[in-house]
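These entries record what I looked up in the structure, beginning with strand pairing and moving on to charged side chains.

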Amino acid sequence: MKRPALDRSYAAACAARALLLVAFTALAGCTLEPSRGGRDDGPGAPPGNLDRIADARPKSEPLNPGANSPYTVLGRKYVPYQSLKPYRARGIASWYGRKFHGRRTSSGERYDMYAMTAAHTVLPIPSYVRVTNLSNGHSVVVRVNDRGPFHAERIIDLSYTAAHKLGFVNAGSAQVEVEAILPRGTAAAPEPPPLNSMTALR
């Protein structure tokens, strides 16, 4: 006669576990930007020679309306550019790797850590920029297809391959210059603003 009581207790315990699992999953999903970069985020043994992966090739593309709408992250409002325009800034670049590999970017595309792409808070999606490592002069061209980084001191997040080609994978970050690549006939970019300048609006 005690068997039903035991079954009810077991069922209650299972329900409690399920609720805890749901709560844990919800909390995990609240992390807006997990730690990016660092040796533990790399691929281990990279597939082939990453230096032979070509830079992004700029081309005319329609802007993504959904990816260029104003948005707020961590209490800060960002207003993306609604058209291609001159942009040049200096600051810190970081990179993101396998923790995000295969996830959807702000453009709706899947993130590929081996492609020549980048995340930026306000540059149009998609658009193209030249990124130069100020410590060694190495330069790459990447396609902006994601949003971030949401750290006050960083101005761009690069794919693993882009960071590798710029020579700062092991360091995790580097001082860079970012310059928009514009169609012919567009006015030249202005002089670089001060380091760590932000185009986002509070």
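**Entry 1: a bridge partner.** I began with Thr117, whose bridge partner in β6 is Arg143. The model I am reading is predicted. I then checked how the two strands run: β4 and β6 pair in the parallel sense, over three bridges. Strand β4 covers residues 117–119, and β6 covers residues 139–146.

**Entry 2: strand β6.** Is β6 mostly covered or mostly open? I found seven of its eight residues buried, so I noted the strand as mostly covered, taking buried to mean under 20% relative accessible area. I next followed β6 to β5, residues 127–133, and found antiparallel pairing over six bridges. Within this pair, Ser127 stands opposite Val144 of β6. I recorded β5 and β6 as a hairpin with five residues between the strands. In the turn I noted Gly137, which has a positive phi of about 80°.

**Entry 3: the barrel.** In what order do the strands close into a barrel? I read the order as β3-β7-β4-β6-β5-β8, six strands with mixed pairing. Ignoring direction, I noted an average turn of 45° between neighbouring strands of this sheet. For β3 and β8 I looked up the pairing separately: β3 spans residues 88–96, β8 spans residues 173–180, and seven bridges join them in antiparallel fashion. One of the pairs I wrote down is Ile92, with Gln175 in β8 as its bridge partner.

**Entry 4: Tyr114.** I placed Tyr114 in the loop between β3 and β4. Its relative accessible area is 22%, and I entered the residue as partly exposed because the cut-off for buried is under 20%. I also looked up its C-alpha separation from Ser159, which is 6.8 Å, although the two residues are 45 apart along the chain.

**Entry 5: salt bridges.** How many salt bridges does the structure hold? I found five. Lys165 and Asp55 make one of them, with their closest N and O atoms 2.8 Å apart. Lys165 belongs to helix α2 (residues 160–166) and Asp55 to the loop between α1 (3–29) and β1 (71–73), so this pair ties together parts 110 residues apart in sequence. I compared the accessibility of the partners: Lys165 counts as buried at 17%, whereas Asp55 counts as partly exposed at 26%.

**Entry 6: a salt bridge between β8 and β3.** I then turned to Glu177 and Arg90, which form a salt bridge with the closest N and O atoms 2.8 Å apart. Glu177 lies in strand β8 and Arg90 in strand β3, so the pair ties together parts that are 87 residues apart in sequence. I had already noted that these two strands run antiparallel and are joined by seven bridges. Glu177 is buried, with a relative accessible area of 13%, and Arg90 is partly exposed at 34%.

**Entry 7: remaining charged residues.** I looked up Glu153 and its salt bridge with Arg154, where the closest N and O atoms are 3.7 Å apart. Glu153 is partly exposed, its relative accessible area being 34%. I closed with the network in which salt bridges that share partners join Glu61, Glu109 and Arg143. Arg143 had appeared in my opening entry as the bridge partner of Thr117.

How values were computed
Residues are numbered from 1 along each chain as its sequence is written. This is a predicted model: local features need pLDDT of at least 70, side-chain atom pairs count only at pLDDT 80 or more; totals for chains, interfaces and linings use all residues. Side-chain values use heavy atoms; hydrogens and water are left out. Two strands pair if DSSP finds at least two bridges between them. Helices (H or I, at least four residues) and strands (E, at least two) are DSSP runs, numbered from the N terminus. Axes are lines fitted to C-alpha atoms, for helices over the stretch in contact, and angles run from 0 to 180 degrees between N-to-C directions. Buried means under 20% relative accessible area, exposed over 50%, partly exposed in between (1.4 Å probe, protein chains only). A salt bridge is a side-chain nitrogen of Lys or Arg within 4 Å of a carboxyl oxygen of Asp or Glu.
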